[in-house]
Every structure is written in structure tokens, then in C-alpha cells.
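Me: I should like to go through the assignments in this entry and ask what justifies each of them. Please set each value against its criterion.

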Amino acid sequence: MATNAIDQTRRMLSLVTYLRERPGARVGDVARAFGITEDELISDLDILPLCGTSFRGGDLLDIDTDGDRIWWRNPSALSAEAAAPLRLAADEATALLVAARAVSTLPGLRESDRLALLRATAKLEAAAGEAAGASARLSVTFESEGGVFADVDRAISERRRLWIRYYSPARDELTEREIDPIRLVSVGHTYVEAWCRRSEARRTFRLDRVAEIRILDEPSAPPQIELRDLSEGLVQPAAEDPEVVVEVGPGGRWVAEYYPHDSAEELADGGLRITLRTPDPSSLKRLALRLGRDGRIVSPVGLAESARQAAGEALAAYDGQG
């Protein structure tokens, strides 16, 4: 039966223990004990000298064979006494200390987490020595998303409802709504998946588009819903969905950020030619109206014509009110 890499790795780990307890073991005896051929054993022995606690000479396993017996020259290399303590370089210690101090100032951080972080920071400062002094001269300020993240995380932990003012670039408007947060997800950007009380449906909100947020006293009570697999993105168009091509100017580049797309080619005027897929192309007519002079639907032709007609009707209705 063929041996895979996992089987070989398990065997070699066992082989290390076996050989350490049996100095001068015979090749034939060891092969029989592990149920392998002598050639397979020799192949393992050729790999073991490349292993150790580090790539420094004294830390690699010094194992060899004369074809009859196996000798391990430095079995103490794996002893507890030989293990060196973990040491951080000055830049590593500085980065950890600056990050830890910054995180400890986040608004909405649970107090128990803040205290645990401060205790860990104090231990790290003591171990870092001079590097701790250098890190004290550096500071990091989180943008607003950090505070929003902390509030959402706290609301999820305490099972409380949130009130948010949220910006929708597709409609170019701010809306107020109450949501029951379910989980935080990161798919390129950070989002909160929640039950929206305004629409009575599951919605996903991007944290950097939350203009204002408050944790409410009301308990969060989202309905029992099956969590979606978001590993491939928030929106996952199918390959068989119709293809739509949209050209946008510089003022419409946000479309490539907001809509999942197959490609986005740069245009000479600073705009983009965006190819995307959607099961309902007609739903993009609203996008065309929203873009106005900043973009147009190129194909399919029927959708492009329908969008132009809708834009003409909207303009006529606006003129008629004047």
C-alpha cells in the first residue's frame, strides 16, 4: 500500500523517539519494528538530519548509519534543557507593544478584555527591555471603523440591539435603522451580518459606511436563520448568470467597489469598463439612473436601451414639474 506524506511524517516522529531510546539499533530490527523495508528506513534517515529545533548546526539531528547500525550522535539536542527561550527582536517587540496599547484604547472594548490586554502588555514591556522605551514614543490612532467594530463586537457579546446611520452609495443616501447583529465577517472589508428591523430581513452592512452607531438597551433577538458560507464573497453570481457591461467615469468608480464583478478595465478618462453578472439584469436600471452622466450600460443592448428610456422618462417628469 502506498504511503502518503502524513503517514511518513507520523512514522518519522515515532522513529525519533525509538532511536533515542535505542542507541546503535540495527537497521533490520528497526525496519521490522516499523513494518517498512530497509530502503524506506534509509530514506527516512536521510531526511532526519535536516530536522531540529533550528537550522543552526548544533540544533539539527546528527543521525547516521553504517548500513548495519544507526547512531544518534546528539540525542540531547531535543532535551528540555537545550530548548532556548523565545526571544523577540527589537522591531517585533516594538510592533507588539504599539499594537497592544492602541487596541487597549478602542472604545467599546469589554473591560475584562482590556484588563487582560494591559496585563499582557506589562509582561511584554518587562521582557522587551530597551525596546519598550522606543515603543513608548510611537502611537497609533484607529479610524472610525475601529470604534464601530468595537461597538458591534460588544453588542454581539451582550446580545443588544444597535441603532445605526448607514450610507448607501447605490442610493447616495443615509438611512437610520435598528439592527440585531449576528456576526462580524471579513471579506475584503469588515461587515456586520444582522437582522434589519426596518426591512424585516437579513442584511449585511459595511462598517466603514456606518456614519453613527449606538448600542441600545433593547435585547437583540434575530430570528433563527442559517448562516451563509461567505468564503467566496458576500455576493456570489453564478457562471450562467447574464453578463452586463457598464462603463463609468471617474465619479462612478465606486461601482467596482460596490458590485462583485468579473473584470474592471481602466479607461483613458480615468473611468472603468466593468463586466459583471447578475441573475436579474433589469435590476441594474436603477444603477444607470443613479450614475447619470457618470456612467452607462453598454450591453446587453436591450438593457442599455431600456435604461436610456427610463432616464428620458425621469428627465421628462422632472421638467414637467418645473
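Reply: Two strands pair if DSSP finds at least two bridges between them. The model under discussion is a predicted one.

Me: What makes β9 and β10 a pair of strands?
Reply: Strand β9 (residues 263-266) is joined to β10 by 4 bridges, and the two run antiparallel. Because the criterion is at least two bridges, β9 and β10 count as paired. One of the bridges sets E266 opposite L272 in β10. The hairpin of β9 and β10 has 5 residues between the strands, and G270 in this hairpin takes a positive phi near 95 degrees.

Me: How do you know that β8 also pairs with β10?
Reply: Between strand β8 (residues 243-248) and strand β10 (residues 272-277) there are 6 bridges, in the antiparallel sense. With at least two required, β8 and β10 therefore pair. E243 has R277 as its bridge partner in β10.

Me: Why is T275 called buried?
Reply: T275, a residue of strand β10, has a relative accessibility of 12%. The limit for buried is under 20%, so T275 falls in that class. Leaving aside residues up to four places away in sequence, T275 touches E243, V244, V245, H261, D262 and S263.

Me: What makes the contact between D180 and R161 a salt bridge?
Reply: The closest N and O atoms of D180 and R161 are 2.8 Å apart. Since the cut-off is 4 Å between a side-chain nitrogen of Lys or Arg and a carboxyl oxygen of Asp or Glu, the pair qualifies because 2.8 Å lies within it. The pair links distant parts of the chain: D180 belongs to strand β4 (residues 173-187) and R161 to strand β3 (residues 160-168), 19 residues apart.

Me: Are D180 and R161 buried or exposed, and why?
Reply: D180 has 0% relative accessibility and is therefore buried. R161 has a relative accessible area of 15%, which is under 20%, so R161 is buried as well. Elsewhere, salt bridges that share partners join R154, E158, R160 and D217 into one network.

Me: Why is the pair R154 and E158 called a salt bridge?
Reply: The N to O distance between these side chains is 3.2 Å. As the limit is within 4 Å, R154 and E158 therefore form a salt bridge. Both residues lie in helix α7 (residues 144-158), 4 residues apart, about one turn of the helix.

Me: What class of accessibility do R154 and E158 have, and why?
Reply: R154 has 29% relative accessibility, and E158 has a relative accessible area of 36%. Partly exposed covers the range between the limits of 20% and 50%, so R154 and E158 are partly exposed.

Me: How do you know that D64 and R73 form a salt bridge?
Reply: Their closest N and O atoms are 3.4 Å apart, and the pair is therefore counted under the 4 Å criterion. D64 is partly exposed because its relative accessibility is 32%. In total, the structure holds 21 salt bridges.

Me: Why is A25 called buried?
Reply: A25 has 12% relative accessibility, and under 20% is the requirement, so A25 counts as buried. Its place is in the loop between α1 (5-20) and α2 (27-34). Not counting residues up to four places away in sequence, A25 touches V30, D68, R69 and I70. The C-alpha atoms of A25 and W71 are separated by 7.4 Å, with their positions 46 residues apart along the chain counted as the separation.

Definitions and conventions
Residues are numbered from 1 along each chain as its sequence is written. This is a predicted model: local features need pLDDT of at least 70, side-chain atom pairs count only at pLDDT 80 or more; totals for chains, interfaces and linings use all residues. Side-chain values use heavy atoms; hydrogens and water are left out. Buried means under 20% relative accessible area, exposed over 50%, partly exposed in between (1.4 Å probe, protein chains only). Contact means heavy atoms within 4.5 Å.
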